[in-house]
Amino acid sequence: MKINGLQKLTLLDFPGHCACTVFLAGCDLNCPFCHNSELIPGNAPAVMESDELLSFLKKRTGVLDGVAFTGGEPLLRPGLEELIREIRALGYAVKLDTNGCHPERLERLLTQHLVDYVAMDIKNSPDRYAETCGVSDVDTEKIRRSIALLVNGETKYEFRTTVVAQLHDAASFEAIGPMIRGAKRYFLQAFTDRDTVPFEGFTAPEKAELEAYADIVRPYVGEVSLRGV
């Protein structure tokens, strides 16, 4: 399987682990504020094959203890499950980043205990999901199914929203709260601009706004925190 990027060390991407981050190209969303927009096309250049990744991980045993998969949308890759099995056989814990659009594939990984931590994006309130994702046909029922799998399951997880001033307001979080009711943890991440963001003009809300949005969600979630402020 083609690997489209590798960050060899991160202390941030996988909570509680010294990990590497593996980037996989291909995404079924087209978020206009995406930091990894070069990975949205499935034909993005590869930096290595999966056997090279496994060789790297064998050499890092005892130094690293986790592997975080991000994208793009990793669940689009048909070879992901087998690669995770091989990585776990080396003794590594595995984290998955997902947009929540593929509950059947997510459930398969969860029921087989192939991932140790899941970070799922909550893009916006249901009525603004398509606008925020940059696609017209996003199925929010699939998003709800993925939420339910995590809230009702045993795997550690977090929900997170990248908050963009031009796309989110108080009404967004008044709807998000009930969507993720019963969740253990939820992060509001302040948008930061980068050269890889495909569209210009996006900004982060002020910290006071983010704190107000967090307060809206707190009655529904065990732990709500801010990131990037």
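**Exercise 1. Describe what follows helix H2 in this predicted model, and work out how the buried residues of H2 are arranged and what they pack against.**

Step 1. Helix H2 is followed by Gly-91, and the phi angle of this glycine is positive, near 100°.

Step 2. Going back into the helix itself, which covers residues 80–89, we find that Leu-80, Glu-81, Leu-83, Ile-84 and Ile-87 are buried. Looking down the axis of H2, we see these buried residues fall within an arc of 160°, and therefore they line one face of the helix.

Step 3. The partners of the buried residues of H2 include two helices, H1 (50–59) and H3 (103–111), and they also include the strands E1 (2–3), E5 (66–70) and E6 (93–98).

**Exercise 2. Decide whether Ser-50 is buried or exposed, and list its contacts beyond the neighbours within four places in sequence.**

Step 1. Ser-50 is a residue of helix H1, which is one of the elements that the buried residues of H2 pack against.

Step 2. A residue counts as buried when its relative accessible area is under 20%; the value for Ser-50 is 16%, and so Ser-50 is classed as buried.

Step 3. Once the neighbours within four places in sequence are left aside, Ser-50 is in contact with Met-1, Ile-3 and Leu-83, and Leu-83 is one of the buried residues of H2.

**Exercise 3. Locate Leu-12, classify its accessibility, and name the patch to which it belongs.**

Step 1. Leu-12 is found in the loop that runs between strand E2 (5–10) and strand E3 (19–23).

Step 2. The cut-off for an exposed residue is over 50% relative accessible area, and Leu-12, at 75%, therefore counts as exposed.

Step 3. Together with Leu-9 and Leu-11, Leu-12 forms a nonpolar patch on the surface, and the accessible area of the three residues together is about 380 Å².

**Exercise 4. Characterise the protein chain as a whole, beginning with its helices and strands and ending with its surface.**

Step 1. The protein chain contains seven helices and ten strands. Its radius of gyration is 17 Å, close to the 17 Å that the globule rule gives for 229 residues, so the chain is as compact as a globular protein of that length.

Step 2. The C-alpha trace spans about 50 × 35 × 30 Å along its principal axes, and 49% of the 229 residues count as buried.

Step 3. Among contacts with a separation of 6 or more, 72% come from residues 24 or more positions apart.

Step 4. The chain exposes about 10,600 Å², of which carbon and sulfur atoms supply 49%.

Terms used: Residues numbered from 1 in each chain as written. Predicted model: local features only at pLDDT ≥ 70, side-chain atom pairs only at ≥ 80, totals over all residues. Heavy atoms only, no water. Patch = residues over 30% accessible without salt bridge, like charges linked within 9 Å, V, L, I, M, F, W, Y side chains within 5 Å. Areas by Shrake-Rupley, 256 points an atom, 1.4 Å probe, with all protein chains shown as cover. Salt bridge = Lys/Arg side-chain N within 4 Å of Asp/Glu carboxyl O. Helix = DSSP H or I, 4+ residues; strand = E, 2+ residues; numbered from the N terminus. Buried < 20%, exposed > 50% of the residue type's maximum accessible area, 1.4 Å probe, protein only. Rg over C-alpha atoms; globule rule 2.2 N^0.38 Å. Contact = heavy atoms within 4.5 Å. Arc of directions from axis to C-beta.
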